[in-house]
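The following paragraphs lead the reader through a protein structure, beginning at its surface and then turning to its helices and charged pairs. Please keep the sequence and the model in view while reading.

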Amino acid sequence: MEVYVDVKNLSFYRADRAIYKDITLQIPKGKITAVMGPSGVGKTTLLRLIGGQIAPHSGSVTVAGLDMSRASRKELFDARRKMGMLFQSGALFSDMSVFENVALPLQEHTEFDDVMIRDIVLMKLQSVGLRGAAHLMPAELSGGMARRAALARAIALDPDLVMYDEPFAGQDPISKGVLVELIKRLNHAANITSVLVSHDVEDSLSIADHVCLLSDGRVILSGTADEIRQSKDPRVVQFLQGHADGPVGFHYPAQDYDKQLLGMN
Amino acid sequence: MKTLYSAIYRHIETVGQAGVFLFQAICRLPVRYDEALKLYFRQIYSVGVLSLIIIIVSGAFIGMVLALQGYSILTRYGSESAVGQLLSLTLLRELGPVVTGLLFAGRAGSALTAEIGLMKTTEQLSSYEMMGIDPLRRVVAPRFLAGVTCMPILAVIFSAVGIWAGMLVSVHWLGVYEGSFWSSMQQSVYFDTDVMNGVIKSLVFAVAVVWIAVYQGYICQPTSEGIGRATTRTVVLGSLAILGLDFLLTAAMFGDF
Amino acid sequence: MKDAKANLLVGLFMLLGLAAFIYLAMQVSGLAFDEKSDGYTIQAHFDDIGGLTDRAKVTIAGVTVGQVQSIEYDKEFFMAKVTMSIDSTVDNIPTDSSLAILTSGLIGEKYLGISIGAEEDVLKDGDEIYDTQSALVLENLIGQFLMSAGGE
């Protein structure tokens, strides 16, 4: 197994709260890796760490052999040309049409002429099924279409790594199905390494080759989808089954209930 | 005492960060100049052209009010022909740059903060970064430069409209003799000290207001309340900065008498 | 299409700014590029100019015929030396004309008024008007009035 992203002993704090405590995980090349965990566990933060937008407080993130936290600005920007990221909100540039959105990375980072860029953009839009929507503004798109357009933009430069931040959140079953299909197809067709951050159990497990389960700032399990399903770890079981109470308590930590009701401190 | 020190320390730190921010935004050269120019002109449209109506209307009303007030006071001394002098000096030296600055902070400054804040909230700024495109260069620099270009233009238009409207009121309504209206004005207004100092003032105000606006947008909390707070801060801080700077500049320009 | 319209408006905006600037320069501050090209200069000495400034107008019978170019202190005579330019069309001012500093209104602008003399020779470039009447300084007038009232 060839490792594309290597996270070693990484710790990250936000205002004294530990988001990650000394985690280590590997993302294999050419596979779909799903990083799952309850909301607020810092899954998006992990993607930002991989993209080098924020630096860890200790430990290292290595992407394709480059230590992101020690890279110079230029190295970082060069490395990012080989990465695509699909943000949760799509993050299409609201002052440009869908076509201009997809064309922007090509205009910025390649020497292609306008005709060539136009062809590439139309090909990318065709692959997400939005060629007919090229002239629309982002505000005119539905949520699912915006995410597909953003995906076309993320793969415009034919990246080696695509990161998906909660691609299924808030999508209706049809657009969810479309996205699952697209992610799978991209991965197989172009051999792209995919990292998928999600708390959507079934859809993620259905396409992931490799799964990391995060909880409370640590990796609690890492393996194939089947290994996750068969795990007996109560934390894993609770997450997969969605039990209200379990290792992750239903109650926010509080003082004794009876005592508080009776007014005794 | 300790909290006071740490508060002062924090403020100095903020100013320092804002300075570095501005420096980086301006000094990172664009990759493609035709593209940069296009972005710049687009911003001149949204910062300057869209502020034009409010500037013209306010300029006209302020000019007319000044003419009325000036006339009613000067007529007691039989010097109503000096209304042109009063009108032009007040507008060129003070009201032109200052009122334009305040309106600009309210109209364009708040819009800039909200726009950049919204880009941050919807992850568009992160998106630029992940695409290997510097958002300071792509988003902040054209907005800053366009704002600094537009404000002196708007201030000059404001003064010209104000003087023209004041002329209409005093000459055609109040009956001041047109010849002495212009000659008293031309005799007391100097191009280099009055017209140019007004332009310099508005340029300084522009740098302050637009700097505050883009910085507040860039550092705002990425939530809807965060954007609201940042917008308010832009208008408050921008207006205070204009009034404070105006005192300093006036003292430096006209204070030696 | 949308960009083209925006560009047009940006262009108009900048032209409007330029027009406003030229308006302020020419009409409001009276900056003229060919200011001193036509006309001739004459001089006069005053005991007291009392607030006369550069670019004050020079009038004959209330009509503006020129403007003050410079005012300086003449060390030799202990007087103020005023240089003014007169329109070249007004080329028949007699040499014995007199010059007075006048005020429009009670606190209005100061300007110069030429009263025409009877001589046949006319003033030429660089000539001087010797008959001058200084500005009426309000404090001096009040002072004189009090003195004369006290004397009676």
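**Surface patches and charged pairs**

On the surface of this predicted model, a patch of negative charge is formed by C:D96, C:E119, C:E120, C:D121 and C:D131. One of these residues, C:D121, is located in the loop that runs between strand 6 (110–115) and strand 7 (128–129) of chain C. Because exposed means over 50% relative accessible area, C:D121 counts as exposed with its value of 52%.

Chain C also carries a nonpolar surface patch of about 580 Å², to which C:L8, C:L12, C:L15, C:L18, C:I22 and C:M26 contribute. Of these, C:L8 belongs to helix 1 (residues 2–28) of chain C, and C:L8 is exposed at a relative accessible area of 56%.

Chain B may be approached through its database record. The unreviewed UniProt entry lists residues 43–68, 144–175, 195–214 and 235–254 of chain B under "transmembrane region". In the model, residues 43–68 of chain B are 85% helix and 0% strand, and the C-alpha atoms at the ends of this span lie 37 Å apart. Residues 235–254 of chain B are 100% helix and 0% strand, with 27 Å between the end C-alpha atoms. Helix 7 (residues 178–188) of chain B is mostly covered, since eight of its eleven residues are buried; among them are B:F181, B:W182 and B:M185.

The discussion now turns to charged pairs. Side chains of opposite charge can pair when their charged atoms come close. Over all chains, the structure holds 18 salt bridges. One of them crosses between chains, from B:R137 in helix 6 (residues 135–173) of chain B to A:E108 in helix 3 (residues 98–109) of chain A. The N to O distance in this salt bridge is 3.3 Å, and both B:R137 and A:E108 are buried.

Within chain A, A:K124 and A:D158 form a salt bridge whose closest N and O atoms are 2.5 Å apart. This pair links distant parts of the chain, 34 residues apart: A:K124 lies in helix 4 (residues 114–127), and A:D158 in the loop between helix 5 (143–154) and strand 7 (161–165). Is each partner buried or exposed? A:K124 is buried, with a relative accessible area of 12%, whereas A:D158 is exposed at 54%.

A further salt bridge joins A:R229 and A:D226, with 3.7 Å between the closest N and O atoms. Both residues lie in helix 8 (residues 225–230) of chain A, three residues apart, or about one turn of the helix. A:R229 is partly exposed at 39% relative accessible area, and A:D226 is partly exposed at 47%.

How values were computed: Residues numbered from 1 in each chain as written. Chains lettered and ligands numbered in written order. Predicted model: local features only at pLDDT ≥ 70, side-chain atom pairs only at ≥ 80, totals over all residues. Heavy atoms only, no water. Patch = residues over 30% accessible without salt bridge, like charges linked within 9 Å, V, L, I, M, F, W, Y side chains within 5 Å. Areas by Shrake-Rupley, 256 points an atom, 1.4 Å probe, with all protein chains shown as cover. Salt bridge = Lys/Arg side-chain N within 4 Å of Asp/Glu carboxyl O. Lys, Arg positive; Asp, Glu negative; His and termini not counted. Charge placed at Lys NZ, Arg CZ, Asp CG, Glu CD. Helix = DSSP H or I, 4+ residues; strand = E, 2+ residues; numbered from the N terminus. Buried < 20%, exposed > 50% of the residue type's maximum accessible area, 1.4 Å probe, protein only. UniProt positions renumbered as here; feature names shortened; annotations may be inferred.
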